[in-house]
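User: Hi! I'd like to go through the reasoning behind some of the labels used for this protein. Could you walk me through it?

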Amino acid sequence: MARIFSGMRPTGRLHLGHLVGALENWVRFQDSYETIFGIVDWHALTTGYSNTTDLQTHIRETAADWLAAGIDPQKSIIMLQSAVKEHAELHLLFSMITPTPWLIRNPTLKEQAKDLGLVDGSDDQEMTKMDYGHLGYPVLQSADILVYKADIVPVGEDQVPHIEICREIARRFNFLFGERGFRFPEPQHKLTQTPRLPGTDGNMKMSKSLNNCIYLADDPDTIQSQVKKMVTDPKKVRKNDPGRPEVCSVFTYHGVFNAQEVAEIEKTCRSGELGCVDCKKNLGEKIDRKLAPIRTRRNELTSEPQNLDKILLDGSDRARAIASSTLKQVRKAMNLG
Ligand code: TRP
C-alpha cells in the first residue's frame, strides 16, 4: 500500500477551506493508503516564533478539528512533529546537502518574503531579512515527508515548489550516499479537485488573517451571520432582479455544500425568482447541516483534553518507530555512528 504524509501548521481553529480543500480528502485516503498526518509545530515557529503563548491550545484545536472531521486514529497515524525528534535530525542532515539557491529561488518562499516585508531592495538581495529557519522551511518539510519514505503528499497548489525541493533533496541524497542500497523514494504531490473556497468577503481565499472564515466550530447563528455578510452579484440590487451566479460566491458555495439544488438555484437566480436573502438562508442551513455532526464530536473531544493528548502521544510513538528506523539507515549510509 502506498504511503501518504501530509501536515498542517497549528495556527488555530480550522475553517471550511481546510475541510473541503484538505480534510475531506485525507479522510477518504485513510481507506486506500497508509496515512500519516502531522501537526507540524516547528513549522509554525518559522514565522510565528515571537509569540508562542497559544501554541499548545492551537495544537489541541487542530487535533480536535482533524478528529471531528473524521481522521481516525485506528486508520491513520496522527503525530506531533516536535514529539518525534528524528524530523529535526533528518532536517539537519538534509540542510548539509541542500544548495541555498534551491531555497532562494523557491517561488512560495519568495512570495511569503514579499508579503511579510522580508525583501531588501534590489532583486539579488531578496529575502536577506528572512530568518535561517524560515529559509529552511522546505528542508524541514522534506524531512517530514522522507523520514516516513512517503510516496504521495496531498497539498495545495502553493506547496508544489516545496515538494519539488523534497524530490531534489531525495535525489541528491541518493546520488551522494545511495550506493550501499539505501534510497529515498521521490514523493509526488497530489492536488485536490475541489475548487478553492472563496472567503465570506469575496476574497479568493478563506484565511484567518483576512477575517473571512466560517470555522468548523462555529455555532448555527455565527454561520448564518457569516453567510449573510457574503458578497453576491452587485447588479442584483432588489430581490427580483435577475442575478449572475457566475460572479456570486454564495453560488460557488452552493456548488460545494448543496450540489442537489444547485441547478435549480442557478435557474431561479437568473430568472429573478430567487432573492439573495432566501438563497443565503438556505446556504447557511446546508453548511450547518454539514458542520453539526463535526461540532458535536469536536465538543466531546475538547471536553477531554487529556484524551486528545493521549491520541497525539500514541500517534507520535507509532510515527517514531518508523522514523527511527529510517534514521538508522541514513546514519549508516552517511558513515555516521
Ligand atoms: N507547508 C505545509 C503548509 O503550509 C505544511 C507542511 C509541513 C506539510 N510539513 C509538511 C505538508 C509535509 C505536507 C507534507 O500547508
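User: How many salt bridges does the structure hold?

Analyst: This is a predicted model, and the structure holds 17 salt bridges.

User: Let's take E34 and R3. What makes their pairing a salt bridge?

Analyst: The closest N and O atoms of E34 and R3 are 2.9 Å apart. The cut-off is a side-chain nitrogen of Lys or Arg within 4 Å of a carboxyl oxygen of Asp or Glu, so the pair qualifies.

User: Why is this pair said to tie parts of the chain together?

Analyst: Because E34 lies in strand β2 (residues 34-39) and R3 in strand β1 (residues 3-8), the pair ties together parts that are 31 residues apart in sequence.

User: Buried or exposed: what do we call R3, and what about E34?

Analyst: R3 has a relative accessible area of 17%. Buried means under 20%, so that label follows for R3. E34, with a relative accessible area of 31%, is partly exposed, because partly exposed covers the range between under 20% and over 50%.

User: And what makes E24 and K290 a salt bridge?

Analyst: Their side chains meet at 2.8 Å, N to O, and a value within 4 Å counts, so the label holds. The pair links distant parts of the chain, 266 residues apart: E24 sits in helix α1 (residues 16-29) and K290 in helix α13 (residues 276-302).

User: Why do E24 and K290 count as partly exposed?

Analyst: E24 has 25% relative accessibility and K290 has 30%. Buried needs under 20% and exposed needs over 50%, so values in between are called partly exposed.

User: How do you know that R270 and E266 are separated by about one helical turn?

Analyst: They are 4 residues apart in helix α12 (residues 262-271), which means a separation of about one helical turn. Their side chains also meet in a salt bridge, at 2.9 Å, N to O. Both ends are partly exposed: R270 is at 38% relative accessibility, and E266 has a relative accessible area of 31%.

User: Which residues are linked in a network of salt bridges?

Analyst: E246, E266 and R270 are linked in that network.

User: Let's move on to charge. Which residues gather in a patch of negative charge on the surface, and why is it called negative?

Analyst: The patch is made up of E111, D115, E157 and D158. Asp and Glu count as negative, so the label fits. D158 is found in the loop between β4 (152-154) and α9 (160-177). A patch member needs over 30% relative accessible area, so D158 passes with its 37%.

User: Why is T326 called buried?

Analyst: T326 has a relative accessible area of 2%, so it falls under the 20% cut-off. T326 lies in helix α14 (residues 305-333). Leaving aside neighbours within four places in sequence, T326 is in contact with L146, V147, K149, F182 and F184.

User: And what makes T200 buried?

Analyst: With a relative accessible area of 3%, T200 is under 20%, so buried is the right word. T200 lies in the loop between β5 (188-190) and α10 (220-228). Apart from neighbours within four places in sequence, its contacts include N212, C213, Q226 and Y253.

User: How many Å separate the C-alpha atoms of T200 and M96?

Analyst: The C-alpha atoms of T200 and M96 are separated by 44 Å, and the two residues are 104 residues apart along the chain.

Conventions
Residues are numbered from 1 along each chain as its sequence is written. This is a predicted model: local features need pLDDT of at least 70, side-chain atom pairs count only at pLDDT 80 or more; totals for chains, interfaces and linings use all residues. Side-chain values use heavy atoms; hydrogens and water are left out. Helices (H or I, at least four residues) and strands (E, at least two) are DSSP runs, numbered from the N terminus. Buried means under 20% relative accessible area, exposed over 50%, partly exposed in between (1.4 Å probe, protein chains only). Contact means heavy atoms within 4.5 Å. Patches are made of residues with over 30% relative accessible area and no salt bridge: like charges are joined within 9 Å, nonpolar side chains (Val, Leu, Ile, Met, Phe, Trp, Tyr) within 5 Å. Accessible areas come from the Shrake-Rupley method with a 1.4 Å probe; for residues, only the protein chains shown count as cover. The place of a charge is taken as NZ of Lys, CZ of Arg, CG of Asp or CD of Glu.
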